[in-house]
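Let us walk through a protein model together. Keep the sequence and the 3D view side by side as you read.

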Amino acid sequence: MGCLHSCFDLLGIVSPLLLSAKLFLKIIKNFSWDEQLPPSYLNKWKLICKDFQSGCRGISFDGQVARNDDNLPAKIYIICDSSKEAYGSAMYLLQGSKSS
């Protein structure tokens with residue numbers, strides 16, 4: 001489970017994939033570190049890991065975030081949402097064309 005906390009995700013790209021693992025940690029927090037988890041919990045953890053690995057396949061990003069060669073105007077959109085178990089936010093940069 002150390003892999004969960006070693007994931008450096010500065011932009012929060014894989015945060016939705018990590019959510020189920022973090023919620024699972026809340027469930028098992030009362031177990032001691034050397035205590036064996038029940039088989040049902042181990043199966044749940046294996047499924048979470050499998051989903052995480054399959055969800056991360058094919059994620060790649062171009063290094064360019066925005067074009068700055070044309071001095072195009074840009075707008076920033078910020079969206080937030082929450083529930084009893086988790087919260088999330090996203091920020092988008094929309095770069096448009098020059099108006100005449």
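What percentage of the 100 residues of the protein count as buried? The figure is 11%. Residues count as buried when their relative accessible area is under 20%. Bear in mind that this is a predicted model.

Start with the overall plan. The protein has three helices and two strands. Follow the chain from its beginning and the elements come in the order α-α-α-β-β.

Now look at two of the helices. Helix α2 spans residues 15-28, and helix α3 covers residues 39-56. Their axes come within 9 Å of each other. They cross at roughly 165 degrees. That angle is over 145 degrees, so α2 counts as roughly antiparallel to α3. The crossing of α2 past α3 is left-handed.

Next, go back along the chain to the loop between α1, residues 2-5, and α2. Leucine 10 sits in this loop. Is leucine 10 buried or exposed? Its relative accessible area is 70%, so leucine 10 is exposed, because the cut-off for that word is over 50%. Leucine 10 also belongs to a nonpolar patch on the surface. Its partners there are Phe8, Leu11, Ile13 and Ile59. Together these residues make a patch of about 610 Å².

Now move to the strands. Strand β1 runs over residues 74-82, and strand β2 over residues 87-95. Glutamate 85 lies in the loop between them. Glutamate 85 is exposed, at 55% relative accessible area. Where does this loop residue stand relative to leucine 23? The two are 62 residues apart along the chain, yet their C-alpha atoms are separated by 7.6 Å.

Step into strand β2 and you meet tyrosine 87. With 75% relative accessibility, tyrosine 87 counts as exposed. In sequence, tyrosine 87 is 68 residues from leucine 19. In space, the C-alpha to C-alpha distance for this pair is 9.6 Å.

Serine 89 is in strand β2 as well. Its relative accessible area is 60%, so serine 89 is exposed too. Which distance separates the C-alpha atoms of serine 89 and glycine 12? It is 8.9 Å, although the pair is 77 residues apart along the chain.

Try tracing these three pairs in the 3D view. Glutamate 85 goes with leucine 23, tyrosine 87 with leucine 19, and serine 89 with glycine 12.

Methods. Residues are numbered from 1 along each chain as its sequence is written. This is a predicted model: local features need pLDDT of at least 70, side-chain atom pairs count only at pLDDT 80 or more; totals for chains, interfaces and linings use all residues. Side-chain values use heavy atoms; hydrogens and water are left out. Patches are made of residues with over 30% relative accessible area and no salt bridge: like charges are joined within 9 Å, nonpolar side chains (Val, Leu, Ile, Met, Phe, Trp, Tyr) within 5 Å. Accessible areas come from the Shrake-Rupley method with a 1.4 Å probe; for residues, only the protein chains shown count as cover. A salt bridge is a side-chain nitrogen of Lys or Arg within 4 Å of a carboxyl oxygen of Asp or Glu. Helices (H or I, at least four residues) and strands (E, at least two) are DSSP runs, numbered from the N terminus. Buried means under 20% relative accessible area, exposed over 50%, partly exposed in between (1.4 Å probe, protein chains only). Axes are lines fitted to C-alpha atoms, for helices over the stretch in contact, and angles run from 0 to 180 degrees between N-to-C directions. Angles under 35 degrees count as roughly parallel, over 145 as roughly antiparallel, 65 to 115 as roughly perpendicular and the rest as oblique. A crossing is left-handed if the near helix is turned anticlockwise from the far one by less than a right angle, and right-handed if clockwise.
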